[in-house]
Amino acid sequence: MLKMIKSFHFISCLLFLTYSQIWGQYEMPEETTEKSEKIVWPEGKRAAVSLTFDDARPSQIDNGIPLFARYGVNVTFYLSPENIEKRLEGWKNVTKTGHEIGNHTMTHPCTGNYPFSRENALEEYTLEKIKTDIETADREIQKLLGVTTRTFAYPCGQKFVGRGAGLQSYVPIIAEKFIAGRGWLDENTNDPAFCDMARLLAMESDGKSFEQLKQLVDNAAADGRWLILCGHDINDGGRQTTLITSLEQLCEYCQNPDNGIWIDTVENICNYIIRQRNNNKRQN
Ligand SMILES: [Zn+2]
């Protein structure tokens, strides 16, 4: 019996090893995209980077806008309409620049496991309700700032309504209404030839040193990818805050032509990729 258990154990180890090898390959596939399908960044750039900031936090206007103006960098702001009025003039001025304003829903629903969202939990939502919430945000942004949003950021990065067997993804609603939908707290960058625009990966910029952010940019550049960073407040420290010093150095690094980085809004980079994909299709 012991012998049988031992040999069973041996076989399962072997199976596990083979499986993890296959799984490992599945997780990080070799670049299988044909040359003609590859997306080449403009002007020989090695990577694209988008800086994005959520919730219309007042520090984005107070500290972010002057900083980005100093470095000539355009970013994407995903606005919560209820916060817009705290800096209404500031946000109106943003619409006259090259920055992008995107949709982040009206009431910011997340899982009810987060205490702030227990009374507005995605578990209790229907597709109809989330659609109405997103459309209300669009109307508010249009009314307050005269802007039509083109891209969306999922509150808390969560993309579902309901629970269990009745759970539904609301990604298709985003795919219909917007050219792009951005996630949050993801662990990788986007492959421009493959990525689903309605479900873009985004990595956190809050609390990171310049060295940590530079590493993410350099990793993206090594593989020709699109790094989307997401932050909240912009300040010298604190919870959910992208640090001013890190941001200054990051903007300088991305704007230095020697580093071959294209830094621009989600909308602009998304439009570029869509055009390139269409060109590739025509050539095939
Ligand atoms: Zn948010």
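Student: What span should the 13 residues of H7 have at 1.5 Å a residue, and how far apart are its end C-alpha atoms?
Tutor: The 13 residues of H7 should span 18 Å at 1.5 Å a residue, and its end C-alpha atoms are 18 Å apart, which agrees. The expected span is 1.5 Å times one less than the number of residues of the helix, and helices (H or I, at least four residues) and strands (E, at least two) are DSSP runs numbered from the N terminus. This is a predicted model, in which local features need pLDDT of at least 70 and side-chain atom pairs count only at pLDDT 80 or more, while totals for chains, interfaces and linings use all residues. Residues are numbered from 1 along each chain as its sequence is written.

Student: Which residues of H7 are buried?
Tutor: They are Leu213, Leu216, Val217, Ala220 and Ala221, where buried means that 20 or more other C-beta atoms lie within 10 Å of the residue's own, exposed means 12 or fewer, and partly exposed is in between, with C-beta atoms placed from the backbone. The buried residues cover an arc of only 140 degrees around the axis, which puts them on the same side of H7; the arc is that of the directions from the helix axis to the C-beta atoms.

Student: And what's exposed on the other side of H7?
Tutor: Glu211, Gln212, Gln215 and Ala222 are exposed there. The buried residues of H7, in turn, pack against strands S1, S8, S9 and S12 and against helix H8.

Student: At what angle do H7 and H8 pack?
Tutor: Helix H7 (residues 210-222) and helix H8 (residues 244-255) pack at about 35 degrees, with their axes 9 Å apart; axes are lines fitted to C-alpha atoms, for helices over the stretch in contact, and angles run from 0 to 180 degrees between N-to-C directions. On the H7 side the contact is made by Phe210, Leu213, Lys214 and Val217, and on the H8 side by Thr245, Ser246, Gln249, Leu250, Tyr253 and Cys254, contact being C-beta atoms, placed from the backbone, that lie within 7 Å.

Student: Switching helices, which residues of H5 are buried?
Tutor: In H5 the buried residues are Ile130, Asp133, Ile134, Ala137, Asp138 and Ile141. Seen down the axis of H5, they fall within an arc of 135 degrees, so they line one face of the helix. The face turned away from that buried side carries the exposed residues Glu128, Arg139, Gln142 and Lys143.

Student: What comes just after H5?
Tutor: Gly146 comes just after H5 and takes a positive phi of about 65 degrees. Gly146 is also one of the residues that Thr95 touches, together with Ile101, Leu145 and Val147, not counting residues up to four places away in sequence. Thr95 and Val147 are 52 residues apart in sequence and 7.4 Å apart in space, C-alpha to C-alpha.

Student: Where is Thr95, then?
Tutor: Thr95 lies in the loop between helix H4 (88-94) and strand S3, and it counts as partly exposed because it has 14 C-beta neighbours inside 10 Å.

Student: Which residue in the loop between S4 and S5 has a positive phi without being a glycine?
Tutor: That is Cys156, with a phi of about 60 degrees, in the loop between strand S4 (151-153) and S5. Most residues other than glycine have a negative phi. Cys156 is partly exposed, with 19 other C-beta atoms within 10 Å.

Definitions and conventions: Contact = placed C-beta atoms within 7 Å.
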